[in-house]
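Work through the exercises below with the sequence and the structure in view. Each task is followed by a solution in steps.

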Amino acid sequence: MAAGPEMLAELRRLRARVPQLTGALVAGVDGLVLAHDTPGVEAEGVAALTATALAVAVRLADTTGQGDFRELLVRGVYGYVATYAAGESAVLTVLAQDRVNVGRLHLESRRSGARVGELVDAAERARAPAPAATRTRSARTPRPTTTEPRTTTES
(Lines give C-alpha, C1' and ligand atoms only; values in the text may rest on other atoms or scores of the structure.)
Protein backbone atom coordinates (compact mmCIF):
# COMPACT_ATOMS: atom_id res chain seq x y z
CA MET A 1 0.00 0.00 0.00
CA ALA A 2 1.40 3.35 -1.03
CA ALA A 3 0.30 5.03 2.21
CA GLY A 4 2.44 2.65 4.32
CA PRO A 5 5.42 4.99 4.83
CA GLU A 6 3.11 7.89 5.67
CA MET A 7 1.22 5.74 8.18
CA LEU A 8 4.46 4.63 9.79
CA ALA A 9 5.58 8.25 10.05
CA GLU A 10 2.26 9.14 11.71
CA LEU A 11 2.70 6.30 14.23
CA ARG A 12 6.18 7.56 15.08
CA ARG A 13 4.90 11.13 15.50
CA LEU A 14 2.18 9.83 17.82
CA ARG A 15 4.74 7.97 19.92
CA ALA A 16 6.82 11.16 20.11
CA ARG A 17 3.81 13.19 21.30
CA VAL A 18 2.86 10.59 23.93
CA PRO A 19 6.13 9.24 25.37
CA GLN A 20 4.38 6.61 27.49
CA LEU A 21 3.27 4.74 24.36
CA THR A 22 5.12 1.49 23.95
CA GLY A 23 3.71 0.64 20.54
CA ALA A 24 1.25 1.58 17.84
CA LEU A 25 -0.15 -0.21 14.82
CA VAL A 26 -2.64 0.25 12.04
CA ALA A 27 -4.63 -2.78 11.00
CA GLY A 28 -7.45 -3.46 8.62
CA VAL A 29 -10.73 -4.45 10.20
CA ASP A 30 -9.89 -7.94 8.90
CA GLY A 31 -6.88 -8.11 11.25
CA LEU A 32 -4.10 -7.61 8.70
CA VAL A 33 -1.26 -5.27 9.66
CA LEU A 34 -0.98 -2.16 7.48
CA ALA A 35 1.80 -0.42 9.46
CA HIS A 36 3.35 -0.89 12.88
CA ASP A 37 5.83 0.53 15.34
CA THR A 38 5.66 -2.10 18.06
CA PRO A 39 9.10 -2.98 19.42
CA GLY A 40 9.05 -6.26 21.31
CA VAL A 41 5.44 -7.06 20.40
CA GLU A 42 4.24 -9.37 17.64
CA ALA A 43 2.25 -6.96 15.47
CA GLU A 44 0.40 -9.70 13.57
CA GLY A 45 -0.92 -11.25 16.77
CA VAL A 46 -2.03 -7.89 18.18
CA ALA A 47 -3.74 -7.02 14.88
CA ALA A 48 -5.62 -10.32 14.85
CA LEU A 49 -6.74 -9.85 18.45
CA THR A 50 -7.72 -6.28 17.65
CA ALA A 51 -10.01 -7.51 14.88
CA THR A 52 -11.66 -9.92 17.28
CA ALA A 53 -12.12 -7.28 19.99
CA LEU A 54 -13.36 -4.84 17.36
CA ALA A 55 -16.08 -7.24 16.24
CA VAL A 56 -17.32 -7.54 19.84
CA ALA A 57 -17.10 -3.78 20.42
CA VAL A 58 -19.01 -3.00 17.22
CA ARG A 59 -21.71 -5.49 18.17
CA LEU A 60 -21.92 -4.15 21.72
CA ALA A 61 -22.22 -0.53 20.57
CA ASP A 62 -24.88 -1.48 18.02
CA THR A 63 -26.89 -3.68 20.40
CA THR A 64 -26.96 -1.00 23.08
CA GLY A 65 -27.88 1.75 20.64
CA GLN A 66 -24.63 3.68 21.06
CA GLY A 67 -24.04 4.13 17.32
CA ASP A 68 -21.00 3.44 15.18
CA PHE A 69 -17.76 2.24 16.79
CA ARG A 70 -15.31 4.98 17.73
CA GLU A 71 -12.91 3.53 20.31
CA LEU A 72 -12.17 0.74 22.75
CA LEU A 73 -10.01 0.97 25.88
CA VAL A 74 -8.65 -1.98 27.83
CA ARG A 75 -6.86 -1.37 31.12
CA GLY A 76 -4.54 -4.02 32.45
CA VAL A 77 -2.34 -4.10 35.52
CA TYR A 78 0.67 -2.91 33.51
CA GLY A 79 -0.96 -0.50 31.09
CA TYR A 80 -3.51 0.16 28.38
CA VAL A 81 -4.49 -1.09 24.97
CA ALA A 82 -6.66 1.36 23.07
CA THR A 83 -8.20 0.95 19.63
CA TYR A 84 -9.61 3.83 17.58
CA ALA A 85 -11.59 3.89 14.35
CA ALA A 86 -9.36 4.96 11.45
CA GLY A 87 -11.48 5.58 8.39
CA GLU A 88 -13.85 3.11 6.83
CA SER A 89 -11.71 -0.03 6.90
CA ALA A 90 -8.94 0.32 9.47
CA VAL A 91 -8.20 0.83 13.14
CA LEU A 92 -5.36 2.34 15.13
CA THR A 93 -4.28 0.33 18.17
CA VAL A 94 -1.90 1.81 20.73
CA LEU A 95 -0.16 0.27 23.72
CA ALA A 96 0.63 2.50 26.69
CA GLN A 97 2.26 2.28 30.10
CA ASP A 98 0.04 2.39 33.18
CA ARG A 99 1.26 5.91 34.03
CA VAL A 100 -0.01 7.46 30.77
CA ASN A 101 -2.35 10.42 30.97
CA VAL A 102 -5.45 8.76 29.51
CA GLY A 103 -6.94 12.08 28.39
CA ARG A 104 -3.79 12.87 26.44
CA LEU A 105 -3.75 9.32 25.08
CA HIS A 106 -7.27 9.77 23.73
CA LEU A 107 -6.66 13.26 22.36
CA GLU A 108 -3.52 12.40 20.43
CA SER A 109 -4.68 8.95 19.33
CA ARG A 110 -7.98 10.27 18.00
CA ARG A 111 -6.07 12.83 15.93
CA SER A 112 -3.71 10.18 14.60
CA GLY A 113 -6.60 7.82 13.94
CA ALA A 114 -8.29 10.49 11.83
CA ARG A 115 -5.08 11.12 9.86
CA VAL A 116 -4.44 7.41 9.33
CA GLY A 117 -8.06 6.99 8.28
CA GLU A 118 -7.61 9.64 5.61
CA LEU A 119 -4.51 7.84 4.32
CA VAL A 120 -6.16 4.41 4.30
CA ASP A 121 -9.35 5.66 2.67
CA ALA A 122 -7.40 7.56 0.00
CA ALA A 123 -5.32 4.46 -0.75
CA GLU A 124 -8.49 2.35 -0.99
CA ARG A 125 -10.07 4.82 -3.41
CA ALA A 126 -6.90 4.83 -5.52
CA ARG A 127 -6.92 1.02 -5.75
CA ALA A 128 -10.62 0.76 -6.59
CA PRO A 129 -11.35 0.24 -10.28
CA ALA A 130 -12.58 3.30 -12.09
CA PRO A 131 -16.31 3.24 -12.81
CA ALA A 132 -17.15 2.14 -16.31
CA ALA A 133 -17.62 5.00 -18.72
CA THR A 134 -21.18 5.76 -19.63
CA ARG A 135 -21.95 4.22 -22.97
CA THR A 136 -22.74 6.76 -25.62
CA ARG A 137 -24.67 6.16 -28.78
CA SER A 138 -22.60 5.58 -31.84
CA ALA A 139 -23.59 5.75 -35.47
CA ARG A 140 -24.04 1.97 -35.46
CA THR A 141 -26.43 1.89 -32.53
CA PRO A 142 -29.97 2.19 -33.85
CA ARG A 143 -32.24 4.58 -32.06
CA PRO A 144 -35.33 3.05 -30.54
CA THR A 145 -38.42 3.53 -32.58
CA THR A 146 -41.71 4.62 -31.15
CA THR A 147 -44.84 2.68 -31.84
CA GLU A 148 -47.10 5.70 -31.62
CA PRO A 149 -48.33 6.97 -34.95
CA ARG A 150 -47.15 10.38 -35.99
CA THR A 151 -49.73 13.02 -36.46
CA THR A 152 -49.40 15.77 -38.99
CA THR A 153 -51.11 19.06 -39.06
CA GLU A 154 -51.83 20.85 -42.26
CA SER A 155 -52.04 24.58 -42.49
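**Exercise 1. Find what share of the contacts with a separation of 6 or more joins residues 24 or more positions apart, then describe the chain as a whole.**

Step 1. In this predicted model, residues 24 or more positions apart account for 48% of the contacts in the chain with a separation of 6 or more.

Step 2. The chain is built from three helices and five strands. Along the sequence they follow the pattern α-β-β-α-β-β-β-α.

Step 3. The chain has 155 residues, of which 35% count as buried. About 10500 Å² is exposed, and carbon and sulfur atoms supply 53% of that area.

**Exercise 2. Compare the span of helix α3 with the expected value, and state what the buried residues of α3 pack against.**

Step 1. Helix α3 covers residues 102-127, which makes 26 residues. From its first C-alpha to its last, α3 reaches 36 Å, close to the 38 Å expected at 1.5 Å a residue.

Step 2. At the start of the helix, a side-chain oxygen of Asn101 comes to within 2.9 Å of the backbone nitrogen of Gly103.

Step 3. Next, take the buried positions. Among them are Leu105, Glu108, Ser112, Val116, Leu119 and Ala123. The glycines Gly113 and Gly117 are also buried, as are His106 and Asp121.

Step 4. The buried residues of α3 pack against helix α1 (4-17) and against the strands β1 (21-28), β2 (33-37), β3 (71-76), β4 (79-86) and β5 (90-97).

**Exercise 3. Describe how β1 and β2 are joined, and find the residue with a positive phi in their hairpin.**

Step 1. β1 and β2 run antiparallel, and four bridges join them.

Step 2. One bridge can be located by its residues: Val26 has Ala35, in β2, as its bridge partner.

Step 3. Four residues lie between the strands of this hairpin. Gly31 takes a positive phi there, near 95°.

**Exercise 4. Decide whether Ser112 is buried or exposed, and list what it contacts beyond its neighbours within four places in sequence.**

Step 1. Ser112 belongs to helix α3.

Step 2. Its relative accessible area is 1%. Buried means under 20%, so Ser112 is buried.

Step 3. With neighbours within four places in sequence left aside, Ser112 is in contact with Glu10, Leu14, Arg17 and Leu92.

**Exercise 5. Trace the salt bridges of Glu10 with Arg13 and Arg17, and state how exposed Glu10 and Arg13 are.**

Step 1. A search of the whole structure gives 10 salt bridges. As background, side chains of opposite charge can pair when their charged atoms come close.

Step 2. Glu10 and Arg13 meet through their side chains in a salt bridge of 2.7 Å, N to O. Because Glu10 and Arg13 are three residues apart in helix α1, about one helical turn separates them.

Step 3. Glu10 counts as buried at 6% relative accessibility, whereas Arg13 is partly exposed at 40%.

Step 4. Glu10 also forms a salt bridge with Arg17, where the closest N and O atoms are 3.6 Å apart.

**Exercise 6. Explain why the salt bridge between Arg17 and Glu108 ties together parts that are 91 residues apart in sequence, and place the pair in its network.**

Step 1. The closest N and O atoms of Arg17 and Glu108 are 2.6 Å apart, and the two residues form a salt bridge. Arg17 lies in helix α1 and Glu108 in helix α3, so the pair ties together parts that are 91 residues apart in sequence.

Step 2. Arg17 is partly exposed, with a relative accessible area of 27%. Glu108 is buried, with a value of 5%.

Step 3. Beyond its neighbours within four places in sequence, Glu108 is in contact with Leu14, Arg17 and Val18. The side chains of Glu108 and Arg17 are also joined by a polar contact of 2.6 Å.

Step 4. The network of salt bridges links Glu10, Arg13, Arg17, Arg104, Glu108 and Arg111.

Technical notes:
Residues numbered from 1 in each chain as written. Predicted model: local features only at pLDDT ≥ 70, side-chain atom pairs only at ≥ 80, totals over all residues. Heavy atoms only, no water. Helix = DSSP H or I, 4+ residues; strand = E, 2+ residues; numbered from the N terminus. Expected span 1.5 Å × (residues − 1). Buried < 20%, exposed > 50% of the residue type's maximum accessible area, 1.4 Å probe, protein only. Contact = heavy atoms within 4.5 Å. Polar contact = N/O pair within 3.5 Å; in protein donor to acceptor, adjacent residues only side chain to side chain. Pairing = 2+ DSSP bridges. Areas by Shrake-Rupley, 256 points an atom, 1.4 Å probe, with all protein chains shown as cover. Salt bridge = Lys/Arg side-chain N within 4 Å of Asp/Glu carboxyl O.
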